[in-house]
Structure formats: C-alpha cells, structure tokens
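Thanks for coming. I will go through one structure this morning, residue by residue where that helps, and I will keep to what can be read from the coordinates.

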Amino acid sequence: MKVLEDRIRQEGLILSHTVLKVDSFLNHQVDTQLALEIGREFGRIFVDQPITKVLTIEASGIQFAMATGIALNVPFIYAKKKKAITLSEQVYSAPVHSFTRQETYQVSISQKYLGPNDKVLIVDDFLATGAALVGLVDIVKESGAELVGVGCVIEKSFQEGRGLLEDKGVKVHSLARISSMSPGEIHFVEE
Ligand code: 5GP
C-alpha cells in the first residue's frame, strides 16, 4: 500500500534494527483518514470471503479492526489484556509474550461473541515475532470458528512472525512489508 509505505518513510522513526516507531500517525496519534483507508484496503482484499467478525487485540489494533469492520459491515471484537471485572462470563484465553514490553500477559475474549458459526479475520498493527497473532489464532481455534486470514498493517518480514503463522496454515496479508531497516534506512519487500 503505497500511501502507507510513503508515510513510514516520511515519519517512521527507526530506533534500532528491529524497532520502528510510527506513533505520529498509526498507534498513538492516529491519522483517522489513513486508518479508514487501511480498513478499506483490507475490505478489498477479503471482500470475497463471508467474514462475520474482525478480531484484534487491545490497544493498537483497535482502530484498524474498526475500520475493517466498517468496510466489511461486520462487528469487530478486541481481545482484552487484563480480565475486567465486568467480564464475568466464560472466556477464551491465551498467553502472549510482548515483543515491545518484554512481558507475558493473558488475552481473553468472551465466549458470547465468538463461536463455530463465525468466519474470522484477524487484524493487527504490527507483525513482528508473531506472538500476539499466534495467541489470537489459538483463541479462534478454541472457539471452533473458522479463521479466514490475518491482515497486518506493518510486517517486519525479517522477523519470524509470518513463518510461524504460515506454518499453522494461516494466510497472511500485510499492507507494508519491511525487508530490512536501520536508523536512517528502510527497505520494503518488492511485491
Ligand atoms: P509480535 O507479537 O508480532 O512480536 O508483536 C506484537 C505487538 O508488538 C504488535 O502488535 C505491536 O503492537 C508491537 N510491535 C512489535 N514490533 C513493533 C515495532 O517495531 N514498533 C512498534 N511500534 N510496535 C511493535
């Protein structure tokens, strides 16, 4: 997605060989029009699939899951990182190790909102080590729903996430795929 790659080149801060900061437009301050365009792009990619729910993980996948849900005209669900006291019903849950925070936490969603009749598209902001998305894939499996695919806004293709997901038979579509980066330099996978 050219407009996204251009923004990453213009505003992305490459903090190291593995960490890209995009919080001026993607995951802290959010460019709302770009988020909606990202949703429309996922909508175009998955338009032929009878998706019933979009699933993401709080917090920084929410704006893209919402935009994708609007484009596909279906609800989105975000997995919660801490079990809220209001989440009193039965939950599906999975452990996730955070690449950026270096901690393991449990993500959960209510069993009320996902089940065997659902066809699910998972959406997230980054695909890095894949831990967060593998956790969501496991939750979808546990629920008996069908996983249609995974849509990522930015994939760091030099990390192991895509391989892990593909080994599980999951189709991955990323809108910007970074092949390598270092401070002052960034390269995208040529499609
Ligand atoms: P993963 O589980 O694939 O390693 O990444 C999980 C989460 O870590 C992503 O959803 C994203 O929020 C965050 N993350 C991973 N790599 C980066 C990065 O380079 N920059 C930023 N801003 N977040 C990242």
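Let me begin in a loop. Q102 sits between strands β5 and β6, and β6 covers residues 103–110. Keep in mind that this is a predicted model. Is Q102 buried or exposed? Q102 counts as exposed, because its relative accessibility is 58% and the cut-off for exposed is over 50%. For a sense of distance, take Q102 and S180: they are 78 residues apart along the chain, and their C-alpha atoms are separated by 22 Å.

Two other exposed positions can be treated in the same way. V47 is in the loop between α2 and β3, and with a relative accessible area of 55% V47 is exposed. From the C-alpha of V47 to the C-alpha of L133 is 21 Å, with the two positions 86 residues apart in sequence terms. E190 belongs to the segment after β10. The relative accessible area of E190 is 75%, so E190 is exposed too. E190 and P116 are 74 residues apart along the chain, and 37 Å separates their C-alpha atoms.

Now the interior. The largest nonpolar core has 31 residues, and those that touch the most other members are L4, I8, L20, L26, I38, V153 and I154. Which elements supply at least two residues each to this core? They are the helices α1 (2–11), α2 (32–45) and α3 (62–72), together with the strands β7 (119–127), β8 (146–156), β9 (172–182) and β10 (185–188). A second core, separate from this one, has 26 residues, including I77, Y92, L127 and L133. You will recall L133 from the distance to V47.

Take I38 as an example from the largest core. If we set aside neighbours within four places in sequence, I38 is in contact with M1, L4, L26, F64, V153 and L175. One of those, F64, brings us to helix α3.

In α3 the buried residues are Q63, F64, A65, A67, T68, G69 and L72. The cover over these buried residues includes α2, β3, β4, β7 and β8. Both ends of α3 have something to point out. In the loop between β3 (53–57) and α3 we find A59, and the peptide bond joining E58 and A59 is cis, with omega about 5°. On the other side, α3 is followed by N73, which has a positive phi, near 60°. N73 is in the loop between α3 and β4 (76–79), and N73 counts as exposed because its relative accessibility is 71%. Why mention these two at all? Most residues other than glycine have a negative phi, and most peptide bonds are trans.

Next, two buried polar residues. S174 lies in strand β9. Its relative accessible area is 14%, so S174 is buried, the cut-off being under 20%. What does the side chain of S174 pair with? The side chains of S174 and E155 make a polar contact of 2.7 Å. Not counting residues up to four places away in sequence, S174 touches C152, E155 and R162.

The other one is Q159, in the loop between β8 and α5 (161–167). Q159 is buried because its relative accessible area is 11%. There is a polar contact of 2.9 Å between the side chains of Q159 and K156. Outside the residues up to four places away in sequence, Q159 touches T18, F99, A128 and T129.

Last, the open space. The largest pocket holds about 750 Å³. It is lined by 32 residues, and N27, S60, T100, D125 and F126 are the closest to its centre. Elements that give two or more residues to the lining are β2 (20–21), β5 (91–98), β7 and α4 (131–143). Which of them gives the largest share? That is β7, with four residues. Sorted by class, the lining has 15 nonpolar, nine polar and eight charged residues.

To close, one element to look at again is β7: β7 supplies at least two residues of the largest core, is among the elements that cover the buried residues of α3, and provides the largest share of the pocket lining. That is all from me.

Conventions
Residues are numbered from 1 along each chain as its sequence is written. This is a predicted model: local features need pLDDT of at least 70, side-chain atom pairs count only at pLDDT 80 or more; totals for chains, interfaces and linings use all residues. Side-chain values use heavy atoms; hydrogens and water are left out. A nonpolar core is a set of buried Ala, Val, Leu, Ile, Met, Phe, Trp, Tyr and Cys residues joined through side-chain atoms within 4.5 Å. Buried means under 20% relative accessible area, exposed over 50%, partly exposed in between (1.4 Å probe, protein chains only). Contact means heavy atoms within 4.5 Å. A polar contact is a pair of N or O atoms within 3.5 Å; within protein, one must be able to donate a hydrogen and the other to accept it, and residues adjacent in sequence count only if both atoms are side-chain atoms. On a 1 Å grid over the protein atoms alone, a cavity is a set of points where a 1.4 Å probe fits but cannot get out, and a pocket is an open set with protein on both sides within 12 Å along at least five of seven lines; lining residues have an atom within 4 Å of a point. Grid points are joined across faces, edges and corners, and a volume is the space filled by probe spheres set on the points. Ala, Val, Leu, Ile, Met, Phe, Trp, Tyr, Cys and Pro count as nonpolar, Asp, Glu, Lys and Arg as charged, and the others, Gly among them, as polar.
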